[in-house]
Amino acid sequence: MKPNDTNRRLHLVAGLSALLLAPLGVAVARPMPCITQPATCDYDLLCTFKLELEEKILIYETYLANGPRTKSAQAGKRQGVAYKGDLYQQALAGAKQEEPALEGEELAQAAYDRFAAKVAEKVDAAARKAECNELGVTPKPEQRGNWSGMHTDRNDCFGYVDFGRGENRDTYTPDAGKEKATGCLELWDSDMGHEAVHKQLCMERQRSKEKQATTLGSLIEEDISAYRYSIQAAAEALKTMQIRCTTDKNTDAFRKRADQLLGQLTKYQLQAGARP
Ligand SMILES: [Zn+2]
């Protein structure tokens with residue numbers, strides 16, 4: 001990996017859905033609000049926001065399962081998620097093996113990039129199986145949006161938008177990226193909110209007199225905080241669609257599953273303001 005390209009970044013992992021997006025015939029650039037008035041039950045949106053929440057839960061729990069503070073938690077469990085550390089170990093070992101000379105922050109960043117890529121693989125695998133069969137609709141990736149992720153630069157504490165991945169990744173400022181982006185504004189705003197958490201932590205770090213060591217563990221812990229925001233935003237959007245569909249009997253089975261998913265969130269204590 002080219003250090004200058006991949007270093008000092010924290011990535012937001014977006015699902016494969018972003019890559020499967022077919023070019024739109026009439027491209028309306030800029031994300032537009034999907035939850036609009038009048039308040040109708042829209043099966044496609046109900047599907048999109050449930051899949052979005054599922055994706056964010058998968059990411060969040062994978063991070064929790066590899067977070068150092070989960071390892072040291074009582075009984076090795078945190079917010080109901082057991083410590084595994086498998087991807088943490090693989091990422092660190094892989095980064096050391098590829099570039100044995102790396103140490104300190106550079107090693108942490110290289111390992112983190114590997115860790116994020118492993119999580120992305122998991123997300124992609126889940127995205128390939130994503131379905132909303134009970135609603136009789138197939139997932140609409142174009143609602144999810146065409147950006148592949150966002151990241152916050154750890155030097156300038158600015159958030160950036162990415163399109164494409166790996167060698168094909170292009171990075172834009174939020175303003176320029178928004179011109180190029182399509183998809184639901186709710187999901188764009190959710191990703192921006194995730195980066196805002198990184199931005200705040202970045203600025204606190206820069207103001208702080210004592211320099212905290214950047215480690216793979218500290219980077220994972222920072223993203224655990226940021227993904228808490230993502231989970232909340234996804235849950236709010238799904239709850240709105242659930243309410244809009246309550247009187248539609250055809251959605252009963254699907255909404256029951258979605259309610260179970262929303263019920264899982266209580267173990268994260270999102271509203272309590274507790275540290276993750
Ligand atoms: Zn992040």
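1. Two helices whose axes meet at an angle under 35 degrees count as roughly parallel, those over 145 degrees as roughly antiparallel, those from 65 to 115 degrees as roughly perpendicular, and the rest as oblique. In this predicted model, helix H4 (residues 86-98) packs against helix H5 (residues 104-129) at an angle of about 130 degrees, with 8 Å between their axes. H4 and H5 are therefore oblique to each other.

2. The way in which H4 passes H5 is a right-handed crossing. On the side of H4 the contact is made by Leu87, Tyr88, Gln90, Ala91, Leu92, Gly94, Ala95 and Lys96, and on the side of H5 by Leu107, Ala110, Ala111, Arg114, Phe115, Lys118 and Val119. Sorted by class, the residues of this contact between H4 and H5 are 10 nonpolar, two polar and three charged.

3. A charged residue of H5 deserves a separate remark. Asp113 is found in helix H5, and it counts as buried because 22 other C-beta atoms lie within 10 Å, where 20 or more are needed. Asp113 and Ala95 are 18 residues apart in sequence, while their C-alpha atoms are 9.0 Å apart in space.

4. A second helix pair can be read in the same manner. The axes of H2 and H9 come within 9 Å and cross at roughly 160 degrees, and H2 and H9 are therefore roughly antiparallel to each other. The crossing in which H2 passes H9 is left-handed.

5. The residues that make this contact include Leu45, Leu46, Phe49, Leu53, Ile57 and Tyr60 of H2, and Ile220, Ile224, Tyr227, Ile231, Ala235 and Leu238 of H9. By class, the contact of H2 with H9 has 18 nonpolar, one polar and four charged residues.

6. Ala235, which is found in helix H9, can be followed beyond that pair. It counts as buried because it has 21 C-beta neighbours inside 10 Å. Leaving aside residues up to four places away in sequence, Ala235 touches Leu53, Leu262 and Leu265. Ala235 and Leu261 are 26 residues apart in sequence, but 9.2 Å separates them in space, C-alpha to C-alpha.

7. The nonpolar interior should be considered next. The largest nonpolar core has 50 residues, and those with the most contacts inside it are Ala111, Phe115 and Leu216. Two or more residues are given to this core by each of helix H2 (43-64), H4, H5, helix H8 (185-207), helix H9 (216-244) and helix H10 (252-264). The largest share, 14 residues, comes from H9.

8. Phe115 shows how residues from separate parts of the sequence come together. Apart from residues up to four places away in sequence, Phe115 touches Leu87, Tyr88, Ala91, Leu216 and Ile220. A second, separate core of eight residues includes Trp147, Met150, Ala181 and Trp188.

9. For the protein chain as a whole, the secondary structure comes to 10 helices and six strands. Of the 276 residues in the protein chain, 41% are buried. Among the contacts in the protein chain with a separation of 6 or more, residues 24 or more positions apart account for 75%.

Key:
Residues numbered from 1 in each chain as written. Predicted model: local features only at pLDDT ≥ 70, side-chain atom pairs only at ≥ 80, totals over all residues. Axes fitted to C-alpha atoms, helices over the stretch in contact; angles between N-to-C directions. Helix = DSSP H or I, 4+ residues; strand = E, 2+ residues; numbered from the N terminus. Left-handed = near helix turned anticlockwise from the far one by under 90°. Contact = placed C-beta atoms within 7 Å. Nonpolar A, V, L, I, M, F, W, Y, C, P; charged D, E, K, R; others polar. Core = buried A, V, L, I, M, F, W, Y, C linked by C-beta atoms within 7 Å. Buried ≥ 20, exposed ≤ 12 C-beta atoms within 10 Å, placed from the backbone.
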